[in-house]
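Grab a coffee and open the viewer. Below are some short exercises, each followed by a solution worked out step by step.

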Amino acid sequence: MARILVVGEINVDFVFKGCHALPTPGREVLAEDFVMTPGSSSMICAMGLARLGNHVMFHGRVGADASGTFCLEALRDAGIDVSTVFPDHTLRTGVTASLSTPQDRALVTFAGAMSELRAEDIDDAWLKNADHLHVSSYYLQRGLRAGCRELFERATSIGLTTSLDPGFDPTQHWGDDLIDTLNDVDVFLPNEQELLAISGCSDLHAALRFVQNGRTRTVVKRGRQGCTSLHDQQWLNVPAYPLDAVDTTGAGDSFDAGFLHAWLRRMSWVDCMRWGSACGSLSTRGVGGTTRQATASEAQALITETP
């Protein structure tokens, strides 16, 4: 079993499910349900990996406040090693409000402590105690972004494999630095909207070709359309699994967890895509990104039972 170090943001999600519409200025809308749950792409992925039975370590910055306490307790309860995380009284833990309708969702985030994490904070000793390094939310983590490639270089030199989920760029500037960073990344996990913006391409196939660099393998998350990849010069498509979704918050991060779970066990690339798709779909059974994440047996059963 691989030892996985997840480096990233810690924040709490306020999830408003079943909004009658997304709010517009000067108007109020009602939601059918609400839950306060551990949030952030990094945390959701880490908890998904732990739920699947992996050994997970996590490092990030967090405030010494109620939200920070809530998040750290959730990580510990999931069996994740957070021994390197120390609440900081000078910081405030980040918060995301997720508002979902049956058709779409919108997010509002206060970055808080997540902006303070730096690549130089990650000790080589922590990397040496892991087999794989995963980073999410490249664009949200302004402090980590500048040194992210250097962090991946260090991890690679120590012998770790690496993966990156870029997340959305709230400024929508995107920038070329991520393309350079990918030269030290083994697995790249964007969604379709992100990849098109990063590449500047209007066509998904062209975008996948654009990020090929001879090392990085990319799989694109496409929501209800499943996922797509260009692997060994072959186009691979795996459909989403047909489940009645309650809430899609964090489904892409649970996809990451399922994909990496399979990839670190040296399954075939298309089987990794199936595991990602299954875990992403199963996570939508509950409100919030972590309340109904898949176990390995649930994911395997869904893959086996679905033609």
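## Exercise 1: A patch on the surface

Phe34 sits in strand β3 (residues 33-39); helices (H or I, at least four residues) and strands (E, at least two) are DSSP runs, numbered from the N terminus. Before going on, note that this is a predicted model, in which local features need pLDDT of at least 70, side-chain atom pairs count only at pLDDT 80 or more, and totals for chains, interfaces and linings use all residues. Residues are numbered from 1 along each chain as its sequence is written, and side-chain values use heavy atoms, with hydrogens and water left out.

Task: find which residues make a nonpolar surface patch with Phe34.

Solution.
- Step 1. Check the exposure of Phe34: its relative accessible area is 42%, so Phe34 is partly exposed. The classes are buried (under 20% relative accessible area), exposed (over 50%) and partly exposed in between, with a 1.4 Å probe and protein chains only.
- Step 2. Apply the patch rule: members have over 30% relative accessible area and no salt bridge, with like charges joined within 9 Å and nonpolar side chains (Val, Leu, Ile, Met, Phe, Trp, Tyr) within 5 Å.
- Step 3. Read off the result: Phe16, Phe34 and Met36 make a nonpolar patch of about 250 Å². Accessible areas come from the Shrake-Rupley method with a 1.4 Å probe, and for residues only the protein chains shown count as cover.

## Exercise 2: Into the core

Task: describe the largest nonpolar core and say which residues have the most contacts inside it.

Solution.
- Step 1. Recall the rule: a nonpolar core is a set of buried Ala, Val, Leu, Ile, Met, Phe, Trp, Tyr and Cys residues joined through side-chain atoms within 4.5 Å.
- Step 2. The largest core has 47 residues, and Phe58, Ile80 and Phe259 have the most contacts inside it.
- Step 3. Elements that each supply at least two residues of this core include β1 (3-7), β4 (55-59), α9 (251-263) and α11 (296-305). Helix α10 gives the largest share, seven residues.
- Step 4. Zoom in on Phe259: leaving out residues up to four places away in sequence, its partners include Val187, Leu189, Trp269 and Met273. Contact here means heavy atoms within 4.5 Å.
- Step 5. Another core, of 32 residues, lies apart from it; Val7, Leu117, Leu151 and Leu160 are among its members.

## Exercise 3: Salt bridges

Task: compare where the partners sit in three salt bridges, Arg61 with Asp88, Arg154 with Glu150 and Arg285 with Glu298.

Solution.
- Step 1. A salt bridge is a side-chain nitrogen of Lys or Arg within 4 Å of a carboxyl oxygen of Asp or Glu. The structure has 13 of them.
- Step 2. Arg61 and Asp88 meet at 3.0 Å, N to O. Arg61 is in the loop between β4 and α2, and Asp88 is in the loop between α2 and β5 (94-100), so this pair ties together parts 27 residues apart in sequence. Arg61 is partly exposed, at 22% relative accessibility.
- Step 3. Arg154 and Glu150 meet at 2.7 Å, N to O. The two are four residues apart in helix α5 (residues 148-158), so about one helical turn separates them. Arg154 is buried at 15%, whereas Glu150 is partly exposed at 34%.
- Step 4. Arg285 and Glu298 meet at 3.3 Å, N to O. This pair links distant parts of the chain, 13 residues apart: Arg285 is in the loop between α10 and α11, and Glu298 is in helix α11.
- Step 5. Look for shared partners: Asp124, Glu150 and Arg154 are joined into one network.

## Exercise 4: Unusual phi angles

Task: which environment, buried or exposed, does Ser137 have, and which does Arg266 have?

Solution.
- Step 1. Most residues other than glycine have a negative phi.
- Step 2. Ser137 has a positive phi of about 55 degrees and lies in the loop between β7 (132-136) and α4 (142-145). Ser137 counts as buried, at 4% relative accessibility.
- Step 3. Arg266 has a positive phi of about 60 degrees and lies in the loop between α9 and α10. At 78% relative accessibility, Arg266 counts as exposed.
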